[in-house]
Amino acid sequence: MDMSFYTCSVGAHQQQRRLDIHANNIANVNNYGFKARRPSFSVLMTGSLRGINEELARGAGSRLESAEMDQGSEEFWGTERGLDYAIEGNGFFALLDPTTGEYRYTREGSFTLSNVEEEIIPEDDIVPQRIYRWYLSDGEGRYVLGTDGQPIVVEDPTEAHLVGKPLPIGIFDFINYNGMLNQYNGMVPVAKNGQVALGNSGKLVQGYLELSNVDYAYEITKVVETQRSFQYMLRMVQTSDEITTTVNGLR
């Protein structure tokens, strides 16, 4: 079969993946702290054919290499709420799920307080006691980690709501962000991101939330562009199939 059939079919599939990325960006345009993804392509294996006067390139098209996080265009929205935080610069808030022990990382800093009943054994006592503690939470049962890497215990819930008295919230960072998995409940690092550590370039800002950096007009333009490319690829697949059918009919 003509190589163009495979080239175009691969191209159509990759354009579909590209469309999914831009659609996901648009779906999160109003989500605080969301960072848009930027798709990038690489050329698949190519070779050369001997033409009449020169070498002719022959290949299998291109593929979606990655969809990296766009770290630019930070904009904040003032809420005047003491439990709202944003990060100016690089880094993430760290969240710990106490039921699974899993960590997630996010730029969305709209936090709340969770009143948790715990069982402790006081010194010189063998009888456990049950107490209530306030933890800084993301509202989904996950604890926000402090600068010491531990869940933040709030001693005075009333004071925590006041702007001007920020809690010791940790800002955590990685060597690079390439390949980080963007899941519905936060970012998940992969091996090539390196070990997580306290960030040294990000600054905690209380009373603000970071807006999504999705450029709606740009994303819509890319959606239209991707749809056109997808249609052209399918048309080329159809043309390639018609040519092959015609050639086979001549035999």
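In the predicted model, Tyr105 is buried, with a relative accessible area of 7%. This residue lies in strand β8, and its ring forms an aromatic pair with that of Phe174. Phe174 is likewise buried, at a relative accessible area of 8%. The centres of the two rings are 5.1 Å apart and the planes stand at 85 degrees to each other. Because planes over 60 degrees apart count as edge-to-face, the pair of Tyr105 and Phe174 is assigned to that class. Phe174 is located in the loop between β13 (172-173) and β14 (181-183), and the contact therefore links distant parts of the chain, 69 residues apart. Tyr105 and Phe174 also belong to a cluster joined by ring pairs, in which Phe92 and Tyr177 are the other members.

The structure holds seven aromatic pairs. One of them is formed by Tyr85 and Phe111, whose ring centres are separated by 6.3 Å. The planes of these two rings meet at 35 degrees, so the pair is tilted. This angle fits neither of the other classes, because stacked rings require planes under 30 degrees apart and edge-to-face rings over 60. Tyr85 belongs to strand β6 (residues 85-88), whereas Phe111 is found in the loop between β8 (103-106) and β9 (112-120). With their positions 26 residues apart, this pair too connects distant parts of the chain. Tyr85 has a relative accessible area of 0% and is buried. Phe111, at 1% relative accessibility, also counts as buried, because the limit for this class is under 20%.

Note on methods
Residues numbered from 1 in each chain as written. Predicted model: local features only at pLDDT ≥ 70, side-chain atom pairs only at ≥ 80, totals over all residues. Heavy atoms only, no water. Phe/Tyr/Trp six-rings, centres within 6.5 Å; stacked < 30°, edge-to-face > 60°. Helix = DSSP H or I, 4+ residues; strand = E, 2+ residues; numbered from the N terminus. Buried < 20%, exposed > 50% of the residue type's maximum accessible area, 1.4 Å probe, protein only.
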